[in-house]
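Here are a few exercises to work through with the structure open beside you. Try each task before reading its solution.

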Amino acid sequence: MDKQYQFAVKDLETQIENLKKKDVTEFTLHDASVSKDKRQLLKIINLFAQKAPDLYLNLLIDASVIDKEVALAATQIFCSFDIPLECENKGGKLLFDKKYYANKANLLNDFGLVFGFYLTYATAEGDSLKAYMDRLDFAVNQYPNHIDFPQTMEGADDTARVTGLFSAKDIRYARDLSFACRTFYTQGRAVPWFLSALKPLRIYPSRFFADFAEWQRCNNCDYKSGFIPEKEEHKAIEKMQLLFLDVKYEEKQCDDLLTVVHDVVTINGAMSRLAGENQESQIETSYHPDDLFSEEIFDLKAFAENVCMMECKVNIFAGEEGPDYSVN
(Lines give C-alpha, C1' and ligand atoms only; values in the text may rest on other atoms or scores of the structure.)
Protein backbone atom coordinates (compact mmCIF):
# COMPACT_ATOMS: atom_id res chain seq x y z
CA MET A 1 0.00 0.00 0.00
CA ASP A 2 1.27 3.49 -0.86
CA LYS A 3 2.31 5.64 2.09
CA GLN A 4 0.22 8.75 2.74
CA TYR A 5 1.49 12.00 4.25
CA GLN A 6 -0.94 14.59 5.56
CA PHE A 7 -0.33 18.14 6.74
CA ALA A 8 -2.04 21.53 6.89
CA VAL A 9 -2.18 23.74 3.80
CA LYS A 10 -0.26 26.46 5.66
CA ASP A 11 2.68 24.06 5.96
CA LEU A 12 2.71 23.18 2.28
CA GLU A 13 5.64 25.38 1.29
CA THR A 14 7.94 23.90 3.92
CA GLN A 15 6.72 20.35 3.30
CA ILE A 16 7.34 20.26 -0.46
CA GLU A 17 11.04 19.61 0.04
CA ASN A 18 10.21 16.72 2.39
CA LEU A 19 7.90 15.21 -0.22
CA LYS A 20 10.71 15.25 -2.75
CA LYS A 21 13.11 13.62 -0.29
CA LYS A 22 10.57 10.86 0.39
CA ASP A 23 10.24 10.24 -3.37
CA VAL A 24 6.56 11.17 -3.39
CA THR A 25 5.42 11.41 -7.02
CA GLU A 26 1.79 12.44 -6.55
CA PHE A 27 0.13 14.90 -4.18
CA THR A 28 -3.61 15.42 -3.68
CA LEU A 29 -4.94 18.70 -2.30
CA HIS A 30 -8.67 18.63 -1.61
CA ASP A 31 -9.16 21.62 0.66
CA ALA A 32 -12.38 23.64 0.52
CA SER A 33 -10.59 26.83 1.60
CA VAL A 34 -8.31 26.56 -1.44
CA SER A 35 -10.80 25.29 -4.01
CA LYS A 36 -12.81 28.54 -4.04
CA ASP A 37 -9.92 30.97 -3.50
CA LYS A 38 -8.32 31.88 -6.83
CA ARG A 39 -5.45 33.81 -5.23
CA GLN A 40 -4.53 30.91 -2.95
CA LEU A 41 -4.93 28.43 -5.78
CA LEU A 42 -2.57 30.36 -8.07
CA LYS A 43 -0.08 30.67 -5.24
CA ILE A 44 -0.03 26.89 -4.77
CA ILE A 45 0.22 26.16 -8.50
CA ASN A 46 3.15 28.56 -8.86
CA LEU A 47 4.78 27.09 -5.76
CA PHE A 48 4.74 23.62 -7.29
CA ALA A 49 5.96 25.02 -10.62
CA GLN A 50 8.99 26.51 -8.87
CA LYS A 51 9.82 23.83 -6.31
CA ALA A 52 8.38 20.54 -7.58
CA PRO A 53 7.58 20.73 -11.30
CA ASP A 54 7.85 16.92 -11.69
CA LEU A 55 5.41 16.10 -8.88
CA TYR A 56 1.86 15.29 -10.01
CA LEU A 57 -0.68 17.54 -8.29
CA ASN A 58 -4.37 16.66 -7.99
CA LEU A 59 -6.50 19.66 -7.01
CA LEU A 60 -10.10 20.05 -5.91
CA ILE A 61 -11.24 23.22 -7.66
CA ASP A 62 -14.54 25.05 -7.73
CA ALA A 63 -15.75 25.91 -11.23
CA SER A 64 -16.10 29.57 -10.19
CA VAL A 65 -12.31 30.08 -10.11
CA ILE A 66 -11.59 28.48 -13.48
CA ASP A 67 -10.49 31.11 -15.99
CA LYS A 68 -7.70 31.66 -18.52
CA GLU A 69 -5.26 32.82 -15.84
CA VAL A 70 -5.72 29.66 -13.78
CA ALA A 71 -5.63 27.43 -16.86
CA LEU A 72 -2.43 29.06 -18.13
CA ALA A 73 -0.77 28.72 -14.73
CA ALA A 74 -1.72 25.03 -14.59
CA THR A 75 0.09 24.32 -17.87
CA GLN A 76 3.38 24.86 -15.98
CA ILE A 77 2.94 21.68 -13.93
CA PHE A 78 1.68 18.10 -14.09
CA CYS A 79 -1.79 18.33 -12.59
CA SER A 80 -5.45 17.41 -12.76
CA PHE A 81 -8.52 19.26 -11.52
CA ASP A 82 -11.47 17.67 -9.69
CA ILE A 83 -14.55 19.82 -10.25
CA PRO A 84 -17.80 19.32 -8.29
CA LEU A 85 -20.90 19.61 -10.49
CA GLU A 86 -23.33 21.47 -8.27
CA CYS A 87 -27.00 22.38 -8.54
CA GLU A 88 -28.92 25.30 -7.13
CA ASN A 89 -32.49 25.35 -5.85
CA LYS A 90 -34.47 28.42 -6.89
CA GLY A 91 -38.15 28.79 -6.17
CA GLY A 92 -38.48 25.09 -5.46
CA LYS A 93 -36.83 24.14 -8.74
CA LEU A 94 -33.45 22.44 -9.03
CA LEU A 95 -31.29 24.26 -11.56
CA PHE A 96 -28.15 22.93 -13.19
CA ASP A 97 -26.32 25.39 -15.45
CA LYS A 98 -25.06 23.26 -18.33
CA LYS A 99 -23.78 26.22 -20.32
CA TYR A 100 -21.71 27.45 -17.37
CA TYR A 101 -19.99 24.10 -16.78
CA ALA A 102 -19.60 23.41 -20.51
CA ASN A 103 -17.73 26.70 -20.92
CA LYS A 104 -15.39 25.79 -18.05
CA ALA A 105 -14.75 22.32 -19.50
CA ASN A 106 -14.14 23.75 -22.99
CA LEU A 107 -11.57 26.16 -21.56
CA LEU A 108 -9.68 23.35 -19.82
CA ASN A 109 -9.83 21.20 -22.94
CA ASP A 110 -8.51 24.10 -25.04
CA PHE A 111 -5.49 24.33 -22.75
CA GLY A 112 -4.97 20.56 -22.86
CA LEU A 113 -5.51 20.16 -19.11
CA VAL A 114 -6.66 17.00 -17.35
CA PHE A 115 -9.85 17.32 -15.32
CA GLY A 116 -12.59 15.22 -13.82
CA PHE A 117 -15.96 15.77 -12.14
CA TYR A 118 -17.45 15.01 -8.74
CA LEU A 119 -21.08 13.90 -8.96
CA THR A 120 -23.58 13.31 -6.15
CA TYR A 121 -27.23 12.25 -6.18
CA ALA A 122 -30.20 12.87 -3.87
CA THR A 123 -28.32 15.44 -1.79
CA ALA A 124 -29.81 18.71 -3.09
CA GLU A 125 -33.41 19.71 -2.49
CA GLY A 126 -35.48 19.02 -5.58
CA ASP A 127 -33.14 16.42 -7.07
CA SER A 128 -34.62 13.44 -8.90
CA LEU A 129 -33.31 10.34 -10.64
CA LYS A 130 -34.09 11.86 -14.04
CA ALA A 131 -32.20 15.06 -13.17
CA TYR A 132 -29.24 13.08 -11.88
CA MET A 133 -29.06 10.94 -15.01
CA ASP A 134 -29.21 14.12 -17.08
CA ARG A 135 -26.22 15.52 -15.13
CA LEU A 136 -24.29 12.29 -15.68
CA ASP A 137 -25.02 12.39 -19.41
CA PHE A 138 -23.85 15.99 -19.53
CA ALA A 139 -20.68 15.19 -17.59
CA VAL A 140 -19.61 12.38 -19.92
CA ASN A 141 -20.10 14.61 -22.97
CA GLN A 142 -17.50 17.09 -21.68
CA TYR A 143 -14.71 14.49 -22.11
CA PRO A 144 -13.59 14.40 -18.46
CA ASN A 145 -10.62 12.18 -17.71
CA HIS A 146 -12.57 10.69 -14.82
CA ILE A 147 -15.86 11.01 -12.94
CA ASP A 148 -15.84 10.36 -9.21
CA PHE A 149 -18.83 9.48 -7.05
CA PRO A 150 -17.99 10.06 -3.36
CA GLN A 151 -21.15 8.28 -2.20
CA THR A 152 -20.00 4.99 -3.74
CA MET A 153 -16.55 4.97 -2.19
CA GLU A 154 -15.63 2.41 0.44
CA GLY A 155 -16.33 3.72 3.94
CA ALA A 156 -18.02 6.91 2.69
CA ASP A 157 -21.14 8.29 4.36
CA ASP A 158 -23.92 8.13 1.80
CA THR A 159 -25.67 11.46 2.24
CA ALA A 160 -28.50 10.59 -0.16
CA ARG A 161 -31.94 11.47 1.22
CA VAL A 162 -35.26 9.90 0.33
CA THR A 163 -37.76 12.53 -0.83
CA GLY A 164 -40.99 12.69 -2.77
CA LEU A 165 -38.91 13.07 -5.93
CA PHE A 166 -36.12 10.59 -5.11
CA SER A 167 -37.35 7.28 -3.70
CA ALA A 168 -35.23 4.68 -1.95
CA LYS A 169 -35.46 2.55 -5.11
CA ASP A 170 -34.26 5.53 -7.18
CA ILE A 171 -31.31 6.04 -4.83
CA ARG A 172 -30.24 2.41 -5.22
CA TYR A 173 -30.55 2.75 -9.01
CA ALA A 174 -28.46 5.95 -9.00
CA ARG A 175 -25.86 4.31 -6.76
CA ASP A 176 -25.52 1.28 -9.00
CA LEU A 177 -25.21 3.20 -12.28
CA SER A 178 -22.71 5.54 -10.59
CA PHE A 179 -20.64 2.56 -9.52
CA ALA A 180 -20.89 1.20 -13.06
CA CYS A 181 -19.55 4.49 -14.45
CA ARG A 182 -16.79 4.47 -11.85
CA THR A 183 -15.81 0.98 -13.04
CA PHE A 184 -16.28 1.21 -16.80
CA TYR A 185 -15.41 4.84 -17.53
CA THR A 186 -13.02 6.01 -14.81
CA GLN A 187 -11.11 2.86 -13.91
CA GLY A 188 -11.50 1.64 -17.48
CA ARG A 189 -9.77 4.82 -18.71
CA ALA A 190 -12.41 5.06 -21.42
CA VAL A 191 -12.38 8.80 -22.14
CA PRO A 192 -10.53 8.60 -25.52
CA TRP A 193 -13.06 6.22 -27.07
CA PHE A 194 -16.22 6.07 -24.97
CA LEU A 195 -18.43 8.49 -26.91
CA SER A 196 -17.32 6.99 -30.20
CA ALA A 197 -18.25 3.51 -28.97
CA LEU A 198 -21.60 4.77 -27.68
CA LYS A 199 -22.67 6.46 -30.93
CA PRO A 200 -23.67 3.32 -32.91
CA LEU A 201 -25.68 2.06 -29.91
CA ARG A 202 -27.84 5.21 -29.89
CA ILE A 203 -28.28 5.27 -26.14
CA TYR A 204 -27.41 7.84 -23.49
CA PRO A 205 -24.37 7.25 -21.26
CA SER A 206 -26.57 6.91 -18.17
CA ARG A 207 -28.63 4.16 -19.85
CA PHE A 208 -25.43 2.39 -20.90
CA PHE A 209 -24.10 2.51 -17.32
CA ALA A 210 -27.42 1.28 -15.95
CA ASP A 211 -27.19 -1.73 -18.28
CA PHE A 212 -23.57 -2.30 -17.27
CA ALA A 213 -24.65 -2.17 -13.62
CA GLU A 214 -27.02 -5.06 -14.34
CA TRP A 215 -24.19 -6.93 -16.10
CA GLN A 216 -21.99 -6.36 -13.04
CA ARG A 217 -24.71 -7.71 -10.77
CA CYS A 218 -25.04 -10.86 -12.88
CA ASN A 219 -21.27 -11.34 -12.85
CA ASN A 220 -20.82 -10.73 -9.12
CA CYS A 221 -18.74 -7.57 -9.51
CA ASP A 222 -21.31 -4.90 -8.60
CA TYR A 223 -21.45 -2.48 -5.69
CA LYS A 224 -23.11 -4.92 -3.28
CA SER A 225 -20.66 -7.73 -4.05
CA GLY A 226 -17.80 -5.77 -2.48
CA PHE A 227 -15.98 -5.43 -5.80
CA ILE A 228 -13.50 -2.51 -5.72
CA PRO A 229 -12.52 -1.44 -9.26
CA GLU A 230 -9.51 0.56 -8.06
CA LYS A 231 -7.93 -2.64 -6.76
CA GLU A 232 -8.19 -4.36 -10.13
CA GLU A 233 -5.50 -4.25 -12.80
CA HIS A 234 -6.55 -2.17 -15.78
CA LYS A 235 -6.25 -5.19 -18.07
CA ALA A 236 -8.97 -6.94 -16.03
CA ILE A 237 -11.30 -3.93 -16.36
CA GLU A 238 -10.57 -3.84 -20.09
CA LYS A 239 -11.66 -7.47 -20.40
CA MET A 240 -14.95 -6.56 -18.71
CA GLN A 241 -15.40 -3.62 -21.09
CA LEU A 242 -14.91 -5.80 -24.17
CA LEU A 243 -17.26 -8.52 -22.93
CA PHE A 244 -20.01 -6.01 -22.22
CA LEU A 245 -19.49 -4.14 -25.49
CA ASP A 246 -19.90 -7.48 -27.28
CA VAL A 247 -23.26 -7.89 -25.55
CA LYS A 248 -24.49 -4.38 -26.37
CA TYR A 249 -23.32 -4.37 -29.99
CA GLU A 250 -24.95 -7.73 -30.66
CA GLU A 251 -28.11 -6.58 -28.89
CA LYS A 252 -28.27 -3.46 -31.09
CA GLN A 253 -27.35 -5.46 -34.22
CA CYS A 254 -24.08 -3.56 -34.63
CA ASP A 255 -21.84 -6.60 -34.31
CA ASP A 256 -20.28 -5.83 -37.72
CA LEU A 257 -18.45 -3.00 -35.92
CA LEU A 258 -17.00 -5.13 -33.14
CA THR A 259 -13.64 -5.62 -34.86
CA VAL A 260 -12.93 -1.89 -34.90
CA VAL A 261 -14.39 -1.46 -31.40
CA HIS A 262 -12.03 -4.10 -30.02
CA ASP A 263 -9.08 -2.47 -31.79
CA VAL A 264 -9.89 0.98 -30.40
CA VAL A 265 -10.34 -0.26 -26.82
CA THR A 266 -7.25 -2.48 -26.95
CA ILE A 267 -4.80 0.04 -28.41
CA ASN A 268 -5.95 2.87 -26.15
CA GLY A 269 -5.79 0.55 -23.16
CA ALA A 270 -2.23 -0.45 -24.01
CA MET A 271 -1.26 3.20 -24.36
CA SER A 272 -2.83 4.03 -20.99
CA ARG A 273 -0.93 1.22 -19.26
CA LEU A 274 2.31 2.49 -20.75
CA ALA A 275 1.58 5.99 -19.44
CA GLY A 276 0.21 4.83 -16.07
CA GLU A 277 2.23 1.74 -15.20
CA ASN A 278 5.17 2.12 -17.60
CA GLN A 279 4.07 -1.19 -19.12
CA GLU A 280 5.32 -1.80 -22.65
CA SER A 281 3.47 -4.39 -24.72
CA GLN A 282 2.76 -5.87 -28.12
CA ILE A 283 -0.83 -6.14 -29.33
CA GLU A 284 -2.51 -7.35 -32.50
CA THR A 285 -4.97 -5.14 -34.37
CA SER A 286 -7.06 -5.55 -37.51
CA TYR A 287 -6.52 -1.92 -38.54
CA HIS A 288 -3.36 0.16 -38.78
CA PRO A 289 -2.76 2.21 -35.60
CA ASP A 290 -2.38 5.39 -37.67
CA ASP A 291 -6.01 4.94 -38.69
CA LEU A 292 -7.13 3.99 -35.18
CA PHE A 293 -5.69 7.27 -33.86
CA SER A 294 -7.11 9.38 -36.69
CA GLU A 295 -10.15 11.67 -36.45
CA GLU A 296 -12.11 9.20 -38.57
CA ILE A 297 -12.43 6.95 -35.53
CA PHE A 298 -15.05 9.29 -34.05
CA ASP A 299 -17.58 7.73 -36.45
CA LEU A 300 -17.10 3.97 -36.17
CA LYS A 301 -19.69 3.12 -38.81
CA ALA A 302 -18.07 5.37 -41.44
CA PHE A 303 -14.64 4.15 -40.35
CA ALA A 304 -15.58 0.50 -40.90
CA GLU A 305 -17.04 1.32 -44.30
CA ASN A 306 -14.14 3.44 -45.59
CA VAL A 307 -10.90 2.30 -43.93
CA CYS A 308 -9.10 -0.80 -45.17
CA MET A 309 -8.32 -3.53 -42.68
CA MET A 310 -4.67 -4.42 -42.11
CA GLU A 311 -3.51 -7.10 -39.69
CA CYS A 312 -0.80 -5.51 -37.53
CA LYS A 313 1.44 -6.43 -34.65
CA VAL A 314 1.83 -3.18 -32.77
CA ASN A 315 4.65 -2.49 -30.32
CA ILE A 316 3.68 -0.01 -27.59
CA PHE A 317 6.74 1.57 -26.01
CA ALA A 318 8.10 4.68 -24.32
CA GLY A 319 9.54 7.03 -26.93
CA GLU A 320 11.67 10.11 -26.46
CA GLU A 321 8.60 12.34 -26.34
CA GLY A 322 6.20 10.01 -24.56
CA PRO A 323 4.13 6.91 -25.41
CA ASP A 324 4.81 5.70 -28.95
CA TYR A 325 4.15 2.72 -31.21
CA SER A 326 5.66 0.87 -34.16
CA VAL A 327 4.27 -1.77 -36.49
CA ASN A 328 6.00 -5.05 -37.33
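Before starting, keep in mind that this is a predicted model.

**Exercise 1. A partly exposed tyrosine**

Task: Decide how Tyr-143 should be classed by accessibility, and find where Tyr-143 sits in the chain.

Solution: Begin with the relative accessibility of Tyr-143, which is 39%. Buried would need a value under 20%, and exposed one over 50%. Tyr-143 therefore counts as partly exposed. Next, trace the chain: Tyr-143 belongs to the loop between helix H6 (129-140) and strand E7 (146-148). Finally, check the backbone, where Tyr-143 has a phi near 60 degrees, a positive value in a residue other than glycine.

**Exercise 2. Further positive phi values**

Task: Look at Arg-202 and state what its phi is near, then say whether Arg-202 is buried or exposed.

Solution: Start from the backbone: phi of Arg-202 is near 55 degrees, which is positive although the residue is not glycine. As background, most residues other than glycine have a negative phi. Now locate the residue; Arg-202 is in the loop that runs between helix H8 (194-198) and helix H9 (205-218). Its relative accessible area is 78%, so Arg-202 is exposed. For one more case, go to the stretch just after H1, where Asp-23 takes a positive phi of about 60 degrees.

**Exercise 3. The two sides of helix H1**

Task: Which residues of helix H1 (residues 12-21) are buried, and why can they be placed on the same side of H1?

Solution: First list the buried residues in H1: Leu-12, Ile-16 and Leu-19. They share a side because they cover an arc of only 65 degrees around the axis. The general rule helps here: an α-helix has 3.6 residues a turn, so residues three or four places apart point the same way. Then turn to the other side of H1, where Thr-14 and Lys-21 are exposed. Last, ask what covers the buried residues of H1: the cover includes strand E1 (26-29) and helix H3 (38-51).

**Exercise 4. A buried arginine and a partly exposed alanine**

Task: Work out the accessibility class of Arg-182 and of Ala-236, and place both in their helices.

Solution: Take Arg-182 in helix H7 (residues 168-187) to begin with. Its relative accessible area is 5%, so Arg-182 is buried. Setting aside neighbours within four places in sequence, the contacts of Arg-182 are Phe-149, Thr-152, Met-153, Gln-187, Ile-228, Pro-229 and Glu-230. Move on to Ala-236, which is in helix H10 (residues 234-251). With 31% relative accessibility, Ala-236 counts as partly exposed. To close, take the pair Ala-236 and Gly-188: they are 48 residues apart along the chain, and their C-alpha atoms are separated by 9.1 Å.

**Exercise 5. The chain as a whole**

Task: How many helices and strands does the chain have, and how does its radius of gyration compare with the globule rule?

Solution: Count the elements, and the chain comes to 13 helices and 10 strands. The radius of gyration is 21 Å, close to the 20 Å that the globule rule gives for 328 residues, so the chain is as compact as a globular protein of that length. Along the principal axes, the C-alpha atoms fill a box of roughly 55 × 55 × 35 Å. Now consider burial: 48% of the 328 residues are buried. Among contacts with a separation of 6 or more, 71% are between residues 24 or more positions apart. End with charge: there are 37 positive and 53 negative side chains, and the centres of these two sets lie 7 Å apart.

Technical notes:
Residues are numbered from 1 along each chain as its sequence is written. This is a predicted model: local features need pLDDT of at least 70, side-chain atom pairs count only at pLDDT 80 or more; totals for chains, interfaces and linings use all residues. Side-chain values use heavy atoms; hydrogens and water are left out. Buried means under 20% relative accessible area, exposed over 50%, partly exposed in between (1.4 Å probe, protein chains only). Helices (H or I, at least four residues) and strands (E, at least two) are DSSP runs, numbered from the N terminus. The arc is that of the directions from the helix axis to the C-beta atoms. Contact means heavy atoms within 4.5 Å. The radius of gyration is taken over C-alpha atoms; the globule rule is 2.2 Å times the number of residues to the power 0.38. Lys and Arg count as positive and Asp and Glu as negative; His and the chain ends are not counted. The place of a charge is taken as NZ of Lys, CZ of Arg, CG of Asp or CD of Glu.
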